[in-house]
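Here are my notes for a first look at this entry. Please read them with the structure open beside you.

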Amino acid sequence: MAMLAASDLTFGYEDAHILSDVTLSADRGEVLAIIGPSGTGKTTLLRLLSLFERPDAGTVALDGEDVWALPAEERLARRKRLGMVFQDRSLFSTTVGANAAYGLTVRRPWRDRMSSWLRVRLGLDETRLRELFATLGMAERVPPWLSRLTVEQTVPDAAREALATVGMAERVDQRASELSAGEAQRVAFARALAPDPDALLLDEPTSNLDPRNTALIEDAVGDARDRDIAVVLATHDMDQARRVADRVAVFLDGTVIEQGATDRVFEAPGDDRARQFVEGELVY
Amino acid sequence: MAMLAASDLTFGYEDAHILSDVTLSADRGEVLAIIGPSGTGKTTLLRLLSLFERPDAGTVALDGEDVWALPAEERLARRKRLGMVFQDRSLFSTTVGANAAYGLTVRRPWRDRMSSWLRVRLGLDETRLRELFATLGMAERVPPWLSRLTVEQTVPDAAREALATVGMAERVDQRASELSAGEAQRVAFARALAPDPDALLLDEPTSNLDPRNTALIEDAVGDARDRDIAVVLATHDMDQARRVADRVAVFLDGTVIEQGATDRVFEAPGDDRARQFVEGELVY
Amino acid sequence: MDTAVVSLPALPLGPTLVPLPVPLQGLLSEFSLPYLFSVARVTLEVSLTAVAIATVLGVLTALALGFTEFPGKGVVETVVNTGMGFPSVVVGLAVLLLLSNSGPLGTFELLFTRRAMIVSQIVLAFPVITSVSLSAIEGVDQSLRDAAFAAGGTRRDVQLTVVREARYGVITAVLAGFGRAVSEVGSVLIVGGNIAIINEAGQRESLTRTLTTAITIEARKGQYETGIALGVILLALALGVNALGGYVKQRGER
Amino acid sequence: MDTAVVSLPALPLGPTLVPLPVPLQGLLSEFSLPYLFSVARVTLEVSLTAVAIATVLGVLTALALGFTEFPGKGVVETVVNTGMGFPSVVVGLAVLLLLSNSGPLGTFELLFTRRAMIVSQIVLAFPVITSVSLSAIEGVDQSLRDAAFAAGGTRRDVQLTVVREARYGVITAVLAGFGRAVSEVGSVLIVGGNIAIINEAGQRESLTRTLTTAITIEARKGQYETGIALGVILLALALGVNALGGYVKQRGER
Amino acid sequence: TESLGANQSGDDGNGDGDGSDGGSSDVGDGSLVLATTTSTYDTGLLDALNPTFQESFGIQVETISQGTGAAIQTARDGDADVILVHARGAEDEFISDGVGLNRRDVMFNDFVVVGPEDDPAGIDGMGSATEAFDTIASEQATFLSRGDDSGTNKKELNIWEAAGTEPSGSWYQETGQGMGATLNQANQSPGYTLADRGTYLSQQDEIDLVIHVQGPLKDGPEILMNPYGVIPVNPAVHDNVNYQAAMAYVGFLTSPGGQTAIEEYTANGQQLFFPNALADGPQFGQYVPQDFDGSAESMRRAQYRHWVDTIVPNDY
Ligand SMILES: Nc1ncnc2c1ncn2[C@@H]1O[C@H](COP(=O)(O)OP(=O)(O)OP(=O)(O)O)[C@@H](O)[C@H]1O
Ligand SMILES: Nc1ncnc2c1ncn2[C@@H]1O[C@H](COP(=O)(O)OP(=O)(O)OP(=O)(O)O)[C@@H](O)[C@H]1O
Ligand SMILES: [Mg+2]
Ligand SMILES: [Mg+2]
């Protein structure tokens, strides 16, 4: 059963109809590329797949479960298994490390988070607190949860690893607002990757990257596929789609005009407009 | 003499040194492409060329004049001859039309702008005002500037034309915040193009565009060159550089490691790291 | 059945709900309609004028602060923020000492006039409008300032654009300043003198009496209900002004 | 040379500059230091407690409003904005009617206590904190909310992140609320009663007297300079609180 | 010996004569700024009096009701033309400083000791205010003091002094507010307080306090008397004041018409103020300091003796 599946999705904003009858799916260990001209609805589709918007009609299913039929908390639990990278990188105004760690942080229980926040803010850790209790003559009354304090780091290992994957390991302490566009894009990718999601939704993740950094990201996508993650990749770069995608869906005017194995779509597209598009001729 | 010229530019932020000894120039009717890995200082260079930042050392010259040696008003006058498109599109939260017209608006004298603002806000135009004066029995006291009122449109023709160039003519009245990434990028391009500048500074203007829309922009760049505009184009797309640039400068770690005619740089780069970069092998 | 009828008046809500019309009756017997109008007119005239002037000054100051970096900036911001806690009585006293006949500006004979009230309300509204506008202006993305600058905008154009982008916050600032001005009583009491006269027609008419100072008279007399009724009228006026602000805000969204 | 010496005292600035030390002397003779401290302590205790509570309520309300769209939202926002113009005297009267012996909450004997003052200051600070926070929260880019949501954040996480991003504005909101609370006099006078006692040590001590209400006494007495001197002390306290706010703001920048 | 009269203030800048500056020569011009205490304004008395004055003189009266201290300060600063207050000590100082002149008695009423109906200290019906205060202090019953240096507050402190008690403890609470607010507060607390009869009567409907010790109007002790005076501001000190209008106002208040209007003014069905500007016998002096004690002699002789006592050096 497909990890991520959309069937007969229809969606529009107040005064604009965007998507009609979109049916597609991505399985675990599969990369699905979404290609199509600018403004055709790729981003909108990814927003629907990552449960930002509720479809006007049709279903979004994770592992076969219609998510919008689930109660809210269930849906939240499902949503935590997804990772999404936006086209406009949108980093939080904090450090690179905290950005990369964000997804991990919000997945932790509140008590943990608060204790860790306090620890970082007040500069407290186990040793210090034990000393404090000892000074107060209450060494034996140290609460049991104290030992958990030191386990944590300001930036967890998983976040550091994700940053290393995109070549930004050295920049953990830099402010995110000081990054170049390409650097920010890589951090945003690391942020989605760090919690090790079951599915990755990538909206043109290499749009601001040079060939070498593009290759880094593409390698990471390949690794993700090998770790049995389902990847949906919206891209305007035909070559990239060819390189990394197992299957391709071609969008035009908010609907899928062609869908299939990558080679087939590029070599022998069934739809004429799809052929025009992949050959770069389509005029609209 | 070169329209835009940087010589021995050195620049850094408080705690980070970014550019060292950058010397390059773009002539009227010439497209200079800046290529280089992510975070190497391309955007920073464009900010210096468009007079956002003052160099720590070295000069930025327009038509041979060192701009930072000029008094502030003179510099402003020079700056109005430049058009810049940012990597992060940054549209104003208003309509597409008003965004495209922005550069034209700020180039108009204040009296004009205010009368036009009033006219649009209050729904006044010449006919209406003439009627009003007539009703008040002061038909002959109509001020002479009244006839100028009707000449203006909410969105001037130049802005509409620029929008048409990038295929966004139909969207003048849409709110900019509702655009897709690629659409916004095209509007930002139109905004820079509309005032018909002497030089265009483009920071990865097609990063979010599919091949067909990329071609639209590249054609517009070609047209600009034919109209004797100097174009500086930062791009991570080697093919794009090959397609549109007359000359190419390769950046690495904030300095120019290779510079010359496009063919020469791509076919026979003098610098080894430049060769590695254009062939997509450079590891950093 | 009988018990039910009997128990109804014992509802705890009864006594709190019933008195409402009484103060309004009292209000209308004590405050003739023309008098009430004159008090409301003075209130609006003083507060709106003060806020208009404070808005111009405050937004310009906020822009000046938001567009420059200098070593003591944090200190200046703290001082402006502190100004939001300027007690109105003190402002009143300071303005009084300035405008009094024995003060440096005594020759202008401004004490106990609406102009004096406007001056002190400007002093009160200015820091609020400046602080809140400044935080709105600082909230506008640097990239938008850059875009305005890149499009050939002068410093003034960039500032105008930033204010446009921050309009929601700037309007909130103006409304907060208006709230501060229209609700305060300490300074207008002192520098305005809370004067009402009996005019030619034998009608009482406000010269420098605002709704808030009229309320304090009632409070002083123990006429709490009348005071609250006047307060409701004041809030109705304020609601009108705020609705206008909300409308502007909404139109601005376009 | 002689003429120059003679003309100096005639400088118009002379009389305004000279009196400054005099009221301070008067202040210290009239206000014993322990008394002054007790008044300052009551001022800070009441205002800081009220602002702390109003901040929690206000920011939560702002988040609730900033994160939902519903038909009457504009109306609710207008009402909250109007609340910034709530005259403190009216708030005082309303709280008085509630807490008075004959009022619905009379049994709690809260009238003329610091708790009552805190209640009325909460009412005053709440709309200011809500409005200004709301405008800061609305100013946070939608894309950042989306990013927090996309990273698996619950509604609460997203709200927390938005408050973090809007911290500059939220702190301004809190400082504006503090300014409103610490500077107001109308309501604390009515519900607190401005009570000072002579304690066993024969020292005057504040029970419900704040700096602002102490200032009004001076104003009533015509002791304008002493009033202004007390105002300066109040501003010094407010400056301290604001400097703390500025520090938090700055640390938050990291 | 103390120096008398307005001429002792060394105002050398005002040599050009008093009150004769162009604008104020016509009584019918402009307006009159009256600074007064809250008790005259909040009782509604002035609203009843002033229209008649306006009608006959064509002068608009702008009334500023403040505390007595602030009213006198306003006049001292030259921001008011005339004051109507009740604090003899401060009034005398105002006059001896040369800022006010031509004081006239206008009316009087008295102070009363009010408190909760159940009278926890048990002072009801006492004929002596000092005794009542003493009892309150020893019972530690809540007492609310104005604590604002107003006429009422000064009177209260006099009584404590006369009673030989220095009040302290949490039962003795200073409100620092006006009479109306203090009465309300005493009503809520509940507690005792000293009030002027006028304010008490006008507020009687809103509060549950009752009079426990009457003032001299109802056979109470003399210490509780409360006289009001009107004083114009000296135009030689503040040349901007409208002296003509101020004097016209003094004349109006002390005229038979004005006095009758005061007499006829009632609140809650009771007379609040008793006019005393007109005497049955001849009245030659206009200003008599409060410590003047000549009630038994004829006014003219008494005054002459007072002058001799105070002006002529002892060793003459
Ligand atoms: N305000 C700042 N303070 C410190 N460092 C900064 C600041 N702004 C940018 N930088 C750093 O300067 C370097 C160059 O940035 P720049 O944006 O010029 O790169 P770029 O070549 O445009 O990269 P990209 O291709 O990713 O857009 C980056 O490493 C970035 O982190
Ligand atoms: N809030 C909105 N209200 C109305 N229309 C919207 C809104 N958001 C997006 N649209 C429109 O929906 C269409 C699809 O947008 P979307 O962002 O999905 O395109 P896209 O395929 O991702 O394009 P690109 O390649 O340029 O990113 C666009 O034409 C856009 O103008
Ligand atoms: Mg998109
Ligand atoms: Mg860049």
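1. Start with the make-up of chain A. This chain carries 12 helices and 10 strands. Keep in mind that the model is predicted.

2. Next, overall dimensions. Along the principal axes, the C-alpha atoms of chain A fill a box of roughly 80 × 45 × 35 Å. The accessible surface of chain A is about 12100 Å². Carbon and sulfur atoms account for 49% of that surface.

3. How much of chain A is buried? Of its 284 residues, 54% are buried. Contacts also reach across the sequence. Take the contacts in chain A between residues at least 6 apart in sequence: 67% of them join residues at least 24 apart.

4. On charge, chain A has 34 positive and 47 negative charges. The mean positions of these two sets lie 8 Å apart.

5. Now the copies. Two copies of a chain are related by a rotation about an axis and a shift along it. What turn lays chain D on chain C? The turn is 180°, with a shift of 0.0 Å along the axis and an RMSD of 0.1 Å. This is the relation of a two-fold axis.

6. The interfaces agree as well. Of the interface residues of chain D, 100% are also interface residues in chain C, so the copies meet through the same surface.

7. Finally, confidence. Chain C has a mean pLDDT of 84, and 87% of its residues reach 70 or more. Where does pLDDT stay under 50 in chain C? It does so over residues 1-21, for which the model has 2 contacts beyond four places in sequence.

Technical notes. Residues numbered from 1 in each chain as written. Chains lettered and ligands numbered in written order. Predicted model: local features only at pLDDT ≥ 70, side-chain atom pairs only at ≥ 80, totals over all residues. Heavy atoms only, no water. Helix = DSSP H or I, 4+ residues; strand = E, 2+ residues; numbered from the N terminus. Buried < 20%, exposed > 50% of the residue type's maximum accessible area, 1.4 Å probe, protein only. Contact = heavy atoms within 4.5 Å. Areas by Shrake-Rupley, 256 points an atom, 1.4 Å probe, with all protein chains shown as cover. Lys, Arg positive; Asp, Glu negative; His and termini not counted. Charge placed at Lys NZ, Arg CZ, Asp CG, Glu CD. Least-squares fit on C-alpha atoms with pLDDT ≥ 70 in both. pLDDT = per-residue confidence, 0-100.
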